[in-house]
Amino acid sequence: MQAVTSNWQQVYNFLNQNMRNTGINYKLTSKILLASEEIFVNIASYAYPKSLGNVNIKYDYNPNDFKVGIQFIDEGTPFDPTSFLNFNTSKDISERRIGGLGIFMVKKTMDTMEYFYESGKNNLIISKIINSEVLSYGNK
């Protein structure tokens, strides 16, 4: 799919449906979707500075270890968000540097964030371990 912010709704629908099929509740689904939106919008906004490009998104649920993983693959400018320094929330807002709050939020929301660059492609995998209490989508 083309990496443009207007395609977020398609990504949202894809991920939301997969999480519904997995049985993840609304509260956890919302957190995972928020982290996924941050990653997708960053790719759409920064990965292809001089042209349009694509992003491939994969959803994986492993019932053996109760782990949900979402992989973002793009051929844009190499960027490893896992090496981005943590955002300093203790400073006054006027003293904070611009950028990094979204990556900080993703790191705090998800259990793991893994990055690798392979065959000219950025690969970012965010994952969340879930437990049986969140496996009932209708409960808020």
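**Entry 1: F40**

I began with F40 and listed what it touches, not counting residues up to four places away in sequence: M1, Q2, V4, T5, N7, W8, V11, V55, I57 and F72. Contact here means heavy atoms within 4.5 Å. I note that this is a predicted model, in which local features need pLDDT of at least 70 and side-chain atom pairs count only at pLDDT 80 or more, while totals for chains, interfaces and linings use all residues. Residues are numbered from 1 along each chain as its sequence is written, and side-chain values use heavy atoms, with hydrogens and water left out.

F40 sits in helix α2. I took helices as DSSP runs of H or I with at least four residues and strands as runs of E with at least two, numbered from the N terminus. The relative accessibility of F40 is 0%, so I entered F40 as buried. The cut-offs are under 20% relative accessible area for buried, over 50% for exposed, and partly exposed in between, with a 1.4 Å probe and protein chains only. I also checked the distance from F40 to V4: the two are 36 residues apart along the chain, and their C-alpha atoms are separated by 8.6 Å.

**Entry 2: the aromatic pairs**

I counted two aromatic pairs in the structure. Rings of Phe, Tyr and Trp (the six-membered ring of Trp) pair if their centres lie within 6.5 Å; planes under 30 degrees apart are stacked, those over 60 are edge-to-face, and the rest are tilted.

The W8 and Y12 rings have centres 6.2 Å apart and planes at 70°, so I logged this pair as edge-to-face. W8 and Y12 are four residues apart in helix α1, which puts about one helical turn between them. I found W8 buried, at 13% relative accessible area; Y12 is partly exposed, at 30%.

The W8 and F40 rings have centres 6.1 Å apart and planes at 40°, so that pair is tilted. The pair links distant parts of the chain, with W8 in helix α1 and F40 in helix α2, 32 residues apart. Both W8 and F40 are buried. I therefore drew W8, Y12 and F40 as one cluster, since rings within 6.5 Å pair and ring pairs link these residues.

**Entry 3: α1 against α2**

At what angle do the axes of helix α1 and helix α2 cross? I read roughly 150° for α1 (residues 8-22) and α2 (residues 26-47), and their axes come within 10 Å. The axes are lines fitted to C-alpha atoms, for helices over the stretch in contact, and the angles run from 0 to 180 degrees between N-to-C directions.

The crossing of α1 past α2 is right-handed. By the convention used, the near helix is turned from the far one by less than a right angle, clockwise for right-handed and anticlockwise for left-handed. On the α1 side I listed W8, V11, Y12, L15, N16 and M19 as making the contact, and on the α2 side T29, I32, L33, S36, E37 and F40. These residues divide into eight nonpolar, three polar and one charged. Nonpolar covers Ala, Val, Leu, Ile, Met, Phe, Trp, Tyr, Cys and Pro; charged covers Asp, Glu, Lys and Arg; the others, Gly among them, are polar.

**Entry 4: V11**

V11 is found in helix α1. I entered V11 as buried, at 2% relative accessibility. Leaving aside neighbours within four places in sequence, V11 is in contact with M1, F40 and I57. I also checked V11 against N56: they are 45 residues apart in sequence and 9.8 Å apart in space, C-alpha to C-alpha.

**Entry 5: positive phi**

Most residues other than glycine have a negative phi. I looked for exceptions and noted F66, with a positive phi of about 50° although it is not a glycine. F66 is in the loop between β1 (55-62) and β2 (67-74) and is partly exposed, at 34% relative accessible area. I noted S119 as well, with a positive phi of about 55° and likewise not a glycine. S119 lies in the loop between β3 (112-118) and β4 (121-129). Is S119 buried or exposed? I found S119 exposed, at 71% relative accessible area.

**Entry 6: the whole chain**

I counted three helices and four strands, in the pattern α-α-β-β-α-β-β along the sequence. Of the 140 residues of the chain, 40% count as buried. Among contacts with a separation of 6 or more, 64% are between residues 24 or more positions apart. The accessible surface of the chain comes to about 8300 Å², and 50% of it belongs to carbon and sulfur atoms. Accessible areas come from the Shrake-Rupley method with a 1.4 Å probe, and for residues only the protein chains shown count as cover.
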